[in-house]
Amino acid sequence: MEHDGQLQLYAAVANQLKEAHAGVRALQVPEGVRMALTRKLLVVTASAKHDLADAARRLERFAADLDAGRIPGEDR
């Protein structure tokens, strides 16, 4: 049963990563900012290989920051 929960979490994180990448591509920001955001997503992807729960938390914070308009490196 625990294995099923892990698979569901993996699928959820994979879907959220896909959505996050699409969201970053859609942002109207300078290319340097877009690259920095993409690198952050790649770090989350890499961390999912070692600690899936931590990756899910990181991804949730990343998405919350984007939703709140907190985009690192963007001049306002």
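**Figure 1. L52 sits in helix α3 of the predicted model.** Helix α3 is home to L52, and the model shown here is predicted. Relative accessibility at L52 is 7%. The cut-off for buried is under 20%. L52 therefore counts as buried. Setting aside residues up to four places away in sequence, L52 touches Q6, L9, Y10, V13 and S47. Q6 is 46 residues from L52 along the chain. Their C-alpha atoms are separated by 8.3 Å.

**Figure 2. Q6 of helix α1 is one of the residues that L52 touches.** Q6 has its place in helix α1. Is Q6 buried or partly exposed? Q6 counts as partly exposed, because its relative accessibility is 43%. Q6 can also be set against D51. The two are 45 residues apart in sequence. From C-alpha to C-alpha they are 11 Å apart in space. The contact between Q6 and L52 belongs in this view too.

**Figure 3. S47 of helix α2 contacts residues that include L52.** S47 is found in helix α2. Its relative accessibility is 13%, so S47 counts as buried. Which residues does S47 contact, leaving aside neighbours within four places in sequence? They are L52, A55 and R58. Two of these, L52 and A55, appear among the buried residues of α3. S47 itself is listed among the buried residues of α2.

**Figure 4. Helix α2 has its buried residues on one face.** α2 has 18 residues. From its first C-alpha to its last it reaches 26 Å, close to the 26 Å expected at 1.5 Å a residue. Its buried residues are V33, R34, L37, L41, V44, S47 and A48. Why do they line one face of the helix? Seen down the axis of α2, the buried residues fall within an arc of 145°, so they line one face. An α-helix has 3.6 residues a turn, so residues three or four places apart point the same way. Helix α2 covers residues 31–48. Confidence is highest there, at a mean pLDDT of 94.

**Figure 5. Helix α3 spans residues 52–67.** The helix has 16 residues. It reaches 22 Å from first C-alpha to last, close to the 22 Å expected at 1.5 Å a residue. Which residues of α3 are buried? L52, D54, A55, A56, L59, F62 and L66 are. After the helix comes G69. The phi of G69 is positive, near 80°.

**Figure 6. F62 is among the residues with the most contacts inside the largest nonpolar core.** This core has 17 residues. L37, L41, L59 and F62 have the most contacts inside it. Helices α1, α2 and α3 each give two or more residues to the core. The largest share, six residues, comes from α3. Now take F62 by itself. Leaving aside neighbours within four places in sequence, F62 is in contact with A20, V24, L37, K40 and L41. L37 and L41 are also buried residues of α2.

**Figure 7. I71 is a buried residue in the segment after α3.** I71 is found in the segment that follows α3. At 12% relative accessibility, I71 counts as buried. How far apart are I71 and A56? They are 15 residues apart in sequence and 19 Å apart in space, C-alpha to C-alpha. A56 is one of the buried residues of α3.

**Figure 8. The whole protein has three helices and zero strands.** From the N terminus on, the elements run α-α-α. The C-alpha trace spans about 50 × 20 × 15 Å along its principal axes. Buried residues make up 26% of the 76 residues. The protein exposes about 5500 Å², and carbon and sulfur atoms supply 55% of that area. Consider contacts with a separation of 6 or more: residues 24 or more positions apart account for 56% of them. Mean pLDDT is 89, and 91% of residues reach 70 or more. Confidence is lowest in helix α1, residues 2–26, at a mean of 90.

How values were computed:
Residues are numbered from 1 along each chain as its sequence is written. This is a predicted model: local features need pLDDT of at least 70, side-chain atom pairs count only at pLDDT 80 or more; totals for chains, interfaces and linings use all residues. Side-chain values use heavy atoms; hydrogens and water are left out. Helices (H or I, at least four residues) and strands (E, at least two) are DSSP runs, numbered from the N terminus. The expected span of a helix is 1.5 Å times one less than its number of residues. Buried means under 20% relative accessible area, exposed over 50%, partly exposed in between (1.4 Å probe, protein chains only). pLDDT is the predictor's confidence in each residue, from 0 to 100. A nonpolar core is a set of buried Ala, Val, Leu, Ile, Met, Phe, Trp, Tyr and Cys residues joined through side-chain atoms within 4.5 Å. Contact means heavy atoms within 4.5 Å. Accessible areas come from the Shrake-Rupley method with a 1.4 Å probe; for residues, only the protein chains shown count as cover. The arc is that of the directions from the helix axis to the C-beta atoms.
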